[in-house]
Amino acid sequence: MAKYKLQINGRAYEADVEPDTPLLWVLRDNLGLVGTKYGCGIAQCGACTVHVNGNPMRSCVYPVSAAANATITTIEGLETNGKLHAVQQAWDKVDVAQCGYCQAGQIMTATAFLSKNPNPTEAEIETAMNGNICRCGTYHRIREAVALAATKLN
Amino acid sequence: MTDISTTSRRSFMKLAATAGGGLMLGFSWTSTLASTAMEVLTDTQLASGNINFNSYLSISPDNIITILSPNPELGQNIKTSFPMIVAEELDADWTKVKVVQAALDTNKFERQVTGGSGAVPHSWERLRKAGATARHMLMEAAAKRWKVSVDTVSTENGMVLHKASNRKLSYGELATEASKVAVPTEVKLKDQKDFKLIGKAIRNVDNYEMITGKPLYGLDVYKEGMLYAVIQRPKAFGMKLKSVDAAAAKAVPGVVDVVTFKNNVAVVGTSTWQVNKARKALKVEYEAEGTLESSADHDRIFKELLAGKEATERRKDGDVDTAFKNAAKVITAEYQCPFLSHSPMEPMNFFADVRPDGVELIGPIQTPERARGDVAKLLNIAPEKITLELTRLGGGFGRRLYGDYVLEAAELSSIIKKPIKLIWTREDDMTGGTYRPAVRYRFEAALDKKGNMIGYKLRGAGINSGNPTREDNFPSGAVENLLIESVEHKSPITTGAWRAPITNFLAFAEQAFLDEVAQAAKKDPIQFRLELLDKAKTAPVGAIKYDLDRMKGVITLAAEKANWGKKKGVSQGFSVYFSHRSYVAQVADVVMKDGKPTIDRIHAAVDCGIVVNLSGAYQQVRGGVIDGLGHAMYSNLTFKAGAAEQSNFNNYRLIRMKEVPEVDVHFINNGIDPTGLGEPALPPTGGAVANALFKATGKRLRNQPFINQPELKNV
């Protein structure tokens, strides 16, 4: 075990874990940030997506040892001053979720994407979101919500 | 207005005052426990000692209306639509309604089950009565305070009004007085034209929690002192545990214990990652205790079962032998589907704390009552000593009808005498069984000279499938001579209900076959089906257990909305199916893009009676279509020597955003009491798609997944 200092959602955290522990399990088991979901453990479904220095990252395969000096944002950190991020607002407005389990990862993928490409085409949205599985099949609404959020961010 | 019968009003409705004042009503409607982190109120806080309720609607003096939602919520949106029905009849202000997930309580609730698309049809009337009864009592209380006749007051948006004197009171202001009014023996329900909530698009009541990452799901449960557990199970169906060497696993930091029970080797420790690491360090040997089957064996077994003399007769009308002997044309085709994993995004998990004084269970399960009963039997304790709290379910698709993982968690906690959260990895989930059974069908149709279907035969062969036919569904009733049989192979590979059990593949096979028959009869596929329905109407054969007019209604609507047969450059395929009390017809549009056939759009026409929540219902249909399409196209679970060959999303393909066509949904507006929507939209999709791809390519797709079929290569 080793102690890691982590910068998450603007707060300092410390976790005493094995160096190979994926960030996902540190967030969930050690820090109680359970909004980031476990879906596959092999970076195939996107449910565990967080931002590392602003980039989307599959936290299920991202070891805590690599995260030590990074700025990390999870779904719990998207709200600013009690106000939902435009992407979260769009998710509510479009009423995207069915079971909802994958949606935190979808939202984290979408926010990172829109921060780099604030004015995407439909095809660009589909490419950006194609790595995130939604087993309920809310894909139309995800696409619609990303497009709606883009109009609000502009 | 509708008059409601007075029978059993008293037994079905009970009344009590809450501890802090306010009106509380119990009504028969299912419930589950408050999720660990999100709920403000719990059953016990609401019940104030009176446990004789079935379910609760409470109104606080500060005007908050709390509605308990009893059924497991797994994405079918019941947690929003049930309270909508209550709030509609209550004339509540929806913005002031708080929805609380209830716990398993068989004293209070009926049918706390998610499955079979059955919740809304089961509860529709009792939910309406619950809301209407409370509304009536609030009106009585207001009339008494104002000293006017109750006939002169009305309600609107959470207020009781006396229009003549321009007075009004909120439900909260009236709640305490209303709780003293006698429960009415009769209540009137709203006329549908007065519905204000039902039929509207109402957003999911858990949206905020879901989009901000609040703990909602079983995997999010955390309790002080809890340990994490994973289980190594036999690596193949038909194997059992022989020996375990846990020395290396026990040496992994964070591991508290390694426990063997039944065929399971459980690793228990202080974090998910460490117990998974330790699990990899286990040295476990297994030995065969049954046949170790491979997919090639199943292919052979299917051929034998379809050719064999032995079969169970499911339905027989007329004389098929003579009909086929006299036929001008006979069409025969076989259709096969693979095993499928349910793969809900949240893998199986459950929290269990088995203590001498009782058992606490928390997690995602579609059948909480059965799970509790099974745990009671396993641990040899009374069910009353077990509490079962429901979390939101991260998908189910039928997998969480089975409580095997609840039993594992309870048994493990009872052995190590500590609270544990058992977690299945994705690999455990995909290789661990309870699959959609693999099935092969043989269809035969006899046509007379005019192209009328005078004979129809279906034999279904399945691996642990039970009866893989639905012998009383269409086209039964419309064919003079008909024989439906089934035959089953018993296998160590475990199977179970998978969203729209049996019909998830049967509908495809049947609707694709009928397309072949229509082609042979030189008839338009829709016209062909309408003729069969007309025949069933004018000269029915045997029992008919579907509504001919409702089926005709969705067929006509789908054809109209899809502009059937009138689109240039579009190859269209048609399919219609009745399942779980609802009717769905679909038209798939295939266009050529870059020389390849591409599914451009699917039109769905749906008759589920009254649509409760337009947002939830629309998405439920779209999601069902995508589920049907994705699994028909891509998903495939195969076996080698008893072990699943796919283990995660890298080798088991699920549909993704880019592969999804546009999906248009059209509801029939007929005012009939609502039926379920969790399943019925899925079965027709494969048939519509295969039939459209046939139009585009001239190739019939008879086996799933389509992507593996030679017919789709080089097109």
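In the predicted model, strand β27 of chain B spans residues 596–607 and pairs with β30(B). The two strands run in the parallel sense, and six bridges link them. Within this part of the model, B:V606 faces B:F667 of β30(B).

Both strands belong to an open sheet of chain B. Four strands build this sheet, in the order β25-β26-β27-β30. The pairing is mixed. The edges are taken by β25 (571–579) and β30 (662–667) of chain B. Each has a single partner strand, so one side of each lacks a neighbour in the sheet. On average, and with direction ignored, neighbouring strands of this sheet are turned by 20 degrees against each other.

Two helices lie across this sheet of chain B. Helix α17, residues 614–633 of chain B, crosses β27 and β30 of chain B. The angle between α17(B) and β30(B) is about 135 degrees. Helix α18 of chain B covers residues 683–697. This helix lies across β25, β26 (582–593) and β27 of chain B. Relative to β25(B), α18(B) runs at about 160 degrees.

Chain B is divided by the domain assignment into domain 1 (2–209), domain 2 (218–289 + 348–423) and domain 3 (439–712). The C-alpha centres of domain 2 and domain 3 of chain B are 38 Å apart. Nine residues of domain 2 and 11 residues of domain 3 of chain B take part in the contact between them. On the domain 2 side of chain B, the contacting residues comprise six nonpolar, two polar and one charged.

Helix α5 of chain B, residues 171–178, is mostly covered. Six of its eight residues are buried. The buried positions are B:Y171, B:G172, B:E173, B:L174, B:A175 and B:A178.

Chain A contains six helices and five strands. Along the sequence, the elements of chain A follow the pattern β-β-α-β-β-α-β-α-α-α-α. The C-alpha atoms of chain A occupy a box of roughly 45 × 30 × 25 Å along the principal axes. For 154 residues, a compact globule would have a radius of gyration near 15 Å; the value for chain A is 15 Å, so the two agree. Buried residues account for 60% of the 154 residues of chain A. Among contacts in chain A with a separation of 6 or more, 59% come from residues 24 or more positions apart.

The five-strand sheet of chain A is open and has the order β2-β1-β5-β3-β4. Its pairing is mixed. The edge strands are β2 (11–17) and β4 (55–58) of chain A, each paired on one side only. Neighbouring strands of this sheet are turned by 45 degrees against each other on average, with direction ignored.

At one edge of the sheet, β2(A) pairs with strand β1 of chain A, residues 2–8. This pairing is antiparallel and has seven bridges. Here A:K5 stands opposite A:E14 of β2(A). Two residues separate the strands in the β1(A)–β2(A) hairpin. In this hairpin, A:N9 adopts a positive phi near 55 degrees.

Strand β1(A) also pairs with β5 of chain A, residues 71–73. These strands run parallel and are joined by two bridges. A:I8 of chain A faces A:I72 in β5(A).

At the other edge, β4(A) pairs with strand β3 of chain A, residues 49–52. Four bridges join these antiparallel strands. A:P56 in β4(A) is the bridge partner of A:H51. Helix α4(A) lies across both β3 and β4 of chain A. The angle of α4(A) to β3(A) is about 35 degrees.

The contact between the chains takes 48 residues from chain A and 48 residues from chain B. On the side of chain A, the elements giving two or more residues are α1 (23–30), α3 (86–94), α4 (103–116), α5 (122–129) and α6 (139–153). The largest share comes from α6(A), with five residues. By class, this side of chain A has 22 nonpolar, 16 polar and 10 charged residues. Helix α4(A) thus serves in two settings: it lies across β3 and β4 of chain A, and it is listed among the elements that give residues to the contact with chain B.

Conventions. Residues numbered from 1 in each chain as written. Chains lettered and ligands numbered in written order. Predicted model: local features only at pLDDT ≥ 70, side-chain atom pairs only at ≥ 80, totals over all residues. Buried ≥ 20, exposed ≤ 12 C-beta atoms within 10 Å, placed from the backbone. Pairing = 2+ DSSP bridges. Axes fitted to C-alpha atoms, helices over the stretch in contact; angles between N-to-C directions. Contact = placed C-beta atoms within 7 Å. Domains from an automatic or database assignment. Nonpolar A, V, L, I, M, F, W, Y, C, P; charged D, E, K, R; others polar. Rg over C-alpha atoms; globule rule 2.2 N^0.38 Å.
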